[in-house]
Amino acid sequence: MSVRAKTAIVGASETTRIGVVPDMSALEMHAESARLAVADAGLKMSDVDGVATAGLSPVSVAQYLGIDPIYVDATTVGGCSFLLHVRHAAAAINAGMCEVVLITHGESGRSRVGMPPRVADPSSPPGQFEAPYGTLGPPTMFPMGVLRYMKEFGLTHEQLASVAVAQRKWAANVPRAMFRDPLTVEDVLASRLIAYPMHLLECCLVTDGGGALVVTSAERAKALAGPKPPVYVLGTGEASETPMVSMMEDFTSSKAFRLSSASAFAEAGVGPKDVDHLMVYDAFAHLPIYGLEDLGFVGRGEAGAFIAEGHTSPGGSLPLNTNGGGLSYTHTGMYGMFLVQESVRQLRSEASAQVADVNISVAQGVGGMFAAAGTLVLGTAAAAGV
Amino acid sequence: MSPTSDTHQHKPVPKPTPETEHYWEGTKLGELRIQRCNECGQAYFYPRPSCPHCSSTDVTWVRASGQARLHTYLISHRPAPGFTDEVPYAIAVVELEEGPRMMTNIVGVENTPEALVLDMALEVAFEPRGEQSVPVFRPASAS
């Protein structure tokens, strides 16, 4: 059963401040963005009957905000979780399980205020088969396939660095971005090595912040028109591959990207050529390269040159990560919420670095280290045909 | 906590589960044990009682030859607990002669991009780790 264009994002907001916010807990960042998103939708908190979140329990978020939900979704598969929450909300709303779903994110990734401690389990599969080899967080695992990709497809260090350069060009026009100064390939390659072949400027920021979305039926969005144009959910997808990067089937491609995006495009009835604006979760500079290929925007081995030639930069044919991305805008830890926020802004024509005539935007999220993926194809009323 | 505790951290010690115990018993004996499916014939890693390729539970433990090739790696400049004296060090994925891949460290060779060439031939070695023994890989002997 297709749920194409049967639901819409009617409210969206980030926390008032992002970046370094040491005076707010993670939970309050969920709550502040929730209040702002509900107001953005022209709704009251009492209209919300479904709550979805990752990181914290939706029970905690709902009770903190005084919501008595009849639908809760705690799907937690890493930074793409919020894209899956949109997919699940669309299905639940369409099935009549609830009417207004609030999806929240808040993470004190930098200041670590009100954050649960990280615990390692030496008996888990990663604890037995990866941790003994000195893994320490995403930089020591996520880029595992990059050298293989370089050997297979001839990607150069300069092309990889150009991903950070292209996104900084977008960030220059985004006042909320943490880093906005122009960057050259030489600057990137001169920054210190974090995990060869990745330099500091090819790794995401670590920030504080939050965001929230309000999803409801297209019918209700039309009947109770809010202050902002609805952003229609045209197609969605989700997939998972492996909790351990070392078990990836192909180190030059994400199976979860391929599966989730194929599902989303099929449901939306569109393909890469129809897309006006693209967000690809960029925890590290190689992710947009994998994303462009796995989603079918370019052929295998072509993405590095495509980005280096400026096709994804301002003025290029495929505007990509127009907020500056995790590399320049913000990256709280589970960055996926910010992909959707920027897609919504672009479709409402209210982005800082606004692209002309955006009718279809795709957000591609990743969870863990290529562990999971979620894809949303979002569109304006014109694209939805409503 | 003594002031020196930070510099004397131990490397992580894997904790076997009932499903992986046979693997970790093998490493203590200098054997790299993997599993092969009797149904579809494929070898696989990491240890579990059913084949990830065809779901069959008709699987057998086999001793891997220990021969492998360097499939991919990165060189970490941030020490994990116990790795302070080794930075920068490579975290690698090798492809065993039997087909499966596994994460490992590379020993007996400088951990530099120049010395670590993808697809170079490697062989297993074992590094004592707490009450366990962890398989690592070194350049294959010329024999």
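In this predicted model, strand S5 (193-196) of chain A is joined by two bridges to strand S4 (residues 67-76) of chain B, and the two strands run antiparallel. At this pairing, A:Tyr196 stands opposite B:Ile75. The wider contact between the chains involves 27 residues of chain A and 31 residues of chain B.

**Interface, chain A side**
- Besides S5(A), helix H4 (125-129) and helix H5 (146-153) of chain A each give two or more residues to the side that touches chain B.
- By class, this side of chain A has 16 nonpolar, eight polar and three charged residues.

**Overall form of chain A**
- Chain A contains 14 helices and eleven strands.
- Its radius of gyration is 19 Å, close to the 21 Å from the globule rule for 386 residues, so chain A is as compact as a globular protein of that length.
- Along the principal axes, the C-alpha atoms of chain A fill a box of roughly 55 × 45 × 40 Å.
- Among contacts in chain A with a separation of 6 or more, 77% are between residues 24 or more positions apart.

**Sheet of chain A**
- Nine strands of chain A form an open sheet with mixed pairing, in the order S3-S2-S4-S7-S1-S8-S11-S10-S9.
- Strand S3 (71-73) and strand S9 (277-280) are at the edges with a single partner strand each, so one side of each has no neighbour in the sheet.
- On average, neighbouring strands of this sheet are turned by 25° against each other, direction ignored.
- At the S3(A) edge, three bridges pair S3(A) in the parallel sense with strand S2 (residues 50-53) of chain A.
- A:Gly50 has A:Tyr71 in S3(A) as its bridge partner.
- Helix H13 (residues 336-347) of chain A lies across several strands, including strand S1 (7-14), strand S4 (100-108) and strand S10 (360-367) of chain A.
- The direction of H13(A) is at about 175° to S10(A).

**Burial and nonpolar core**
- Of the 386 residues in chain A, 64% are buried.
- In soluble globular proteins, nonpolar side chains tend to be buried together.
- The largest nonpolar core has 170 residues, of which A:Val86 and A:Val214 touch the most other members.
- Apart from neighbours within four places in sequence, A:Val86 is in contact with A:Ile103, A:Leu213, A:Val215, A:Val233, A:Thr236, A:Val340 and A:Leu376.

Key: Residues numbered from 1 in each chain as written. Chains lettered and ligands numbered in written order. Predicted model: local features only at pLDDT ≥ 70, side-chain atom pairs only at ≥ 80, totals over all residues. Contact = placed C-beta atoms within 7 Å. Helix = DSSP H or I, 4+ residues; strand = E, 2+ residues; numbered from the N terminus. Nonpolar A, V, L, I, M, F, W, Y, C, P; charged D, E, K, R; others polar. Pairing = 2+ DSSP bridges. Core = buried A, V, L, I, M, F, W, Y, C linked by C-beta atoms within 7 Å. Buried ≥ 20, exposed ≤ 12 C-beta atoms within 10 Å, placed from the backbone. Rg over C-alpha atoms; globule rule 2.2 N^0.38 Å. Axes fitted to C-alpha atoms, helices over the stretch in contact; angles between N-to-C directions.
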